[in-house]
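The following report describes a protein together with DNA. Please examine the structure below before reading on.

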Amino acid sequence: MTTLSDHRLERSYFLQDVLQVARSMPGKYLVMQNAGEAHRFVITDVEAYRGEEDEACHARKGKTGRTRVMYFQGGVLYVYLIYGMHWMLNVVAGPQEEPQAVLIRGLQSINGPGRLTRHLGIDKTYNEEDLVRSSRIWLEDNPASEGRIITRPRVGIDYAGKRWREKPWRFILQDH
DNA sequence: AGCAAGATCGGT
DNA sequence: CCGATCTTGCTG
């Protein structure tokens, strides 16, 4: 018998380049399992951060205590605190030693990267969690997903140079 | 040891 | 538009 969990995304998906991963992520499910109950949320809004050369990426200054997880192979979570208040949820992408990550900015019915982690109870204990093996959080393909993806410049990165500010690396599911 | 900045949010 | 709130990374 086929169950939805057979749709869990495997390693090969996350090993793709971050731009491929990011633009195909809207429409997929973020699954949270607690007390044996799985809750599925459609991902609607993401951004790609790509390598040390990307002036908007945390890895622009190389490997540090905080960014070391970005150098892991794709499929693990990068969770960090911003402004002393909000947990940001990122999915590491690409092969080992290539620092790339997808910031999840919105879910169906929960907009905003800080609001969604608060709603789901995601905090620093999720940092470095492996989406391919975890029993409390993973991603699933959504065969029924339809809807167009629109692109926009990334948000909140005024510190980056113009060339990087203007990259259309935000991917939003149309009508959300 | 001290400091400035930050991939945000909610209230004026 | 501004303040909250605290970790991180850089400087000395």
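## Polar contacts and DNA strand B

A polar contact is a pair of N or O atoms within 3.5 Å of each other. The model discussed here is predicted, and every distance in this report is computed from it.

Which side chains approach the phosphate oxygens of DNA strand B? In the side chain of His58, an N or O atom is 2.3 Å from a phosphate oxygen of this strand. For the side chain of Tyr159, the corresponding distance to a phosphate oxygen of DNA strand B is 2.8 Å, and for the side chain of Arg118 it is 3.2 Å. Each of these pairs therefore falls within the 3.5 Å limit for a polar contact. Elements giving two or more residues to the surface near DNA strand B are β3, β4, β5 and α3, the last of which spans residues 113-120. The greatest share comes from α3, with 4 residues.

In total, 22 residues surround DNA strand B, and those that come nearest are His58, His86, Asn90, Gly114 and Tyr159. By class, this surface has 12 nonpolar, 7 polar and 3 charged residues. Of the strand's atoms within 4 Å of the protein, 52% belong to sugar or phosphate, while the rest belong to bases.

## DNA strand C

Around DNA strand C lie Thr64, Gly65, Arg66, Leu81, Tyr83, Gly84 and Met85. Of the atoms of DNA strand C that come within 4 Å of the protein, sugar and phosphate make up 58%. The protein surface near this strand consists of 3 nonpolar, 3 polar and 1 charged residues.

Two approaches to phosphate oxygens of DNA strand C may be described. An N or O atom in the side chain of Thr64 is 2.2 Å from a phosphate oxygen. With Arg66, a polar atom of the backbone is 2.9 Å from a phosphate oxygen of the strand.

## The largest pocket

How much space lies in the largest pocket? The computed value is about 410 Å³. The pocket is lined by 21 residues, of which Tyr49, His58, Tyr80, Ile82 and Gly156 are the closest to its centre. His58 thus appears both here and among the residues that come nearest to DNA strand B.

At least two residues of the lining come from each of the strands β2 (37-50), β3 (77-82), β4 (86-92) and β5 (100-107). The lining residues divide into 15 nonpolar, 4 polar and 2 charged.

## Two buried residues

Is Arg170 buried or exposed? This residue is found in strand β9, which covers residues 170-173. Arg170 counts as buried because its relative accessibility is 17%, and the cut-off for this class is under 20%. Its side chain makes a polar contact with the side chain of Asp45, at 2.6 Å. Beyond the residues up to four places away in sequence, Arg170 touches Asp45, Val46, Glu47, Arg105, Ile150, Thr151, Arg152, Pro153, Arg154 and Val155.

Asn142 is found in the loop that lies between β7 (137-140) and β8 (149-152). With a relative accessibility of 11%, Asn142 also counts as buried. When its neighbours within four places in sequence are left aside, Asn142 is in contact with Gly27, Lys28 and Tyr29.

Technical notes
Residues numbered from 1 in each chain as written. Chains lettered and ligands numbered in written order. Predicted model: local features only at pLDDT ≥ 70, side-chain atom pairs only at ≥ 80, totals over all residues. Heavy atoms only, no water. Near = heavy atom within 4 Å. Polar contact = N/O pair within 3.5 Å; in protein donor to acceptor, adjacent residues only side chain to side chain. Nonpolar A, V, L, I, M, F, W, Y, C, P; charged D, E, K, R; others polar. 1 Å grid on protein atoms, 1.4 Å probe; cavity = no way out; pocket = protein on both sides within 12 Å on 5 of 7 lines; lining within 4 Å. Points joined across faces, edges and corners; volume = space filled by probe spheres on them. Buried < 20%, exposed > 50% of the residue type's maximum accessible area, 1.4 Å probe, protein only. Contact = heavy atoms within 4.5 Å.
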